[in-house]
Amino acid sequence: MSILPSEGDNDFQKSDRSARLIRTLRYVEAAGEAGIRPEDLARKLGVSRRTAYRDLKALEATVGVPVWNHLGRWGVSREGLLPELRFSKDEAISVVLAARLLAKFSTGYDPELGAALMKLGSLLEDPLRSAVERTVTQLSELGIDGEARDRLRQLTTAWVTERIVEFDYAPVWSNPGSSRRARVHPYLIEPSAATHTTYLIGHDETRNALRTFRVDRISNVRVTTTTFELPKEVELERTLASAWDIVADQPLEEISIRFGREVAARVKETRWHPSQSIEEQPDGSLIWRARVSGLLEIRAWVLTWGEGAEVLRPEALRADMARTHLAAASRYSSVDAPRA
């Protein structure tokens with residue numbers, strides 16, 4: 001009986017190809033300016049010349065690694081590449097863990113990210129190398145959203161080159177179904193763990209204020225030739241520190257929450273916000289306080305604690321929680337309570 005996977009074993013084939021592309025990149029980079037012939041690469045990989053040729057083309061078309069070919073030899077273009085990095089083992093572990101976290105939250109495959117991870121994997125030994133290969137495989141199965149990729153690339157270009165960007169934005173919360181044209185100084189592009197998406201944070205000239213834009217609601221992007229000056233890092237970090245997750249453009253709110261004894265231990269073991277303070281109570285409960293930008297993001301967090309959390313202030317959030325829990329209770333009113 002053969003122990004090899006069948007031709008229909010898609011999971012194995014995807015994993016095997018991702019690992020082979022990592023080895024392909026390693027051999028091509030090692031060849032340097034001389035390049036490597038597909039037949040020589042095929043011999044090193046233990047595959048046919050046709051497969052090696054397809055993998056060389058996939059490095060650029062699918063993964064995004066810039067390659068060149070001349071007189072039958074293939075190599076990696078050095079133009080536009082950053083100097084090679086060297087990681088300590090502890091640094092590599094940190095990067096691999098970050099990559100694994102990213103793979104859990106990503107909704108689409110970014111070839112540039114795949115290329116970066118492949119290069120990282122080529123520098124590592126098992127089990128770190130295998131972890132990177134699994135990550136690339138997991139991400140590649142998501143498929144490429146070309147429109148989203150181009151949009152993010154334009155926004156990051158504007159951010160890195162400090163150029164004002166214009167785009168249409170659909171503010172779902174404030175005016176569903178509408179859109180407006182915005183002219184923005186991009187200060188930061190930041191992923192959100194809460195919503196599993198990416199945001200642009202910057203000064204909105206059309207509102208004359210700092211604003212937060214969800215990237216997948218942005219369209220018709222135009223990077224202008226007009227430059228802007230980034231605020232001092234300390235000022236930007238101070239502003240962003242008030243955000244619960246991403247939103248830092250709302251007025252500061254003084255939050256005070258009583259957590260019951262049944263959840264107090266879990267609340268204490270995590271630092272939820274830079275400004276938080278905790279006051280333990282004689283009955284085992286605790287009072288949690290923080291200064292947070294707006295109520296929208298922290299609202300969702302409070303609800304995750306159910307009956308274990310009681311908002312003490314601000315009054316607007318307390319009233320919102322009361323309405324929400326009453327509405328939820330009415331929906332479940334027809335459900336029989338479990339018997340003891």
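**Exercise 1.** Which backbone oxygen does the side chain of threonine 224 reach, and at what distance?

*Solution.* The structure is a predicted model, in which local features need pLDDT of at least 70 and side-chain atom pairs count only at pLDDT 80 or more, while totals for chains, interfaces and linings use all residues. Residues are numbered from 1 along each chain as its sequence is written, and side-chain values use heavy atoms, with hydrogens and water left out.

Step 1. Locate the residue: threonine 224 belongs to strand 7 (residues 218-227). Helices (H or I, at least four residues) and strands (E, at least two) are DSSP runs, numbered from the N terminus.

Step 2. Find the polar contacts. A polar contact is a pair of N or O atoms within 3.5 Å; within protein, one must be able to donate a hydrogen and the other to accept it, and residues adjacent in sequence count only if both atoms are side-chain atoms. The side chain of threonine 224 reaches the backbone oxygen of isoleucine 164 at 2.6 Å. A polar atom of this side chain also lies 3.2 Å from the backbone nitrogen of threonine 226.

**Exercise 2.** Determine whether threonine 224 and glutamate 166 are buried or exposed, and describe the surroundings of glutamate 166.

*Solution.* Step 1. Apply the cut-offs: buried means under 20% relative accessible area, exposed over 50%, and partly exposed in between (1.4 Å probe, protein chains only).

Step 2. Threonine 224 has 4% relative accessibility and therefore counts as buried. Glutamate 166 is buried because its relative accessible area is 16%.

Step 3. Glutamate 166 lies in strand 3 (residues 163-169). Its side chain is joined to that of arginine 183 by a polar contact of 2.7 Å.

Step 4. Contact means heavy atoms within 4.5 Å. Leaving aside neighbours within four places in sequence, glutamate 166 is in contact with several residues, including Arg183, Asn220 and Thr224.

**Exercise 3.** In what order do the 5 strands of the open sheet that contains strand 3 and strand 7 stand?

*Solution.* Step 1. The order is 6-5-4-3-7, with antiparallel pairing. Two strands pair if DSSP finds at least two bridges between them.

Step 2. Strand 6 (209-214) and strand 7 are the edge strands, each pairing on one side only.

Step 3. Strand 3 and strand 7 pair over 5 bridges in the antiparallel sense. Within strand 7, threonine 227 stands opposite arginine 163.

Step 4. Helix 7 (residues 146-161) packs on this sheet and touches strand 3, strand 4 (180-192), strand 5 (197-204) and strand 7. The direction of helix 7 makes about 90° with that of strand 4. Axes are lines fitted to C-alpha atoms, for helices over the stretch in contact, and angles run from 0 to 180 degrees between N-to-C directions.

**Exercise 4.** At roughly what angle do the axes of helix 2 and helix 3 cross?

*Solution.* Step 1. The axes of helix 2 (residues 38-45) and helix 3 (residues 49-61) come within 8 Å and cross at roughly 105°.

Step 2. Angles under 35 degrees count as roughly parallel, over 145 as roughly antiparallel, 65 to 115 as roughly perpendicular and the rest as oblique. The two helices, helix 2 and helix 3, are therefore roughly perpendicular to each other.

Step 3. Pro38, Glu39, Leu41 and Ala42 of helix 2 meet Arg49, Ala52 and Leu56 of helix 3.
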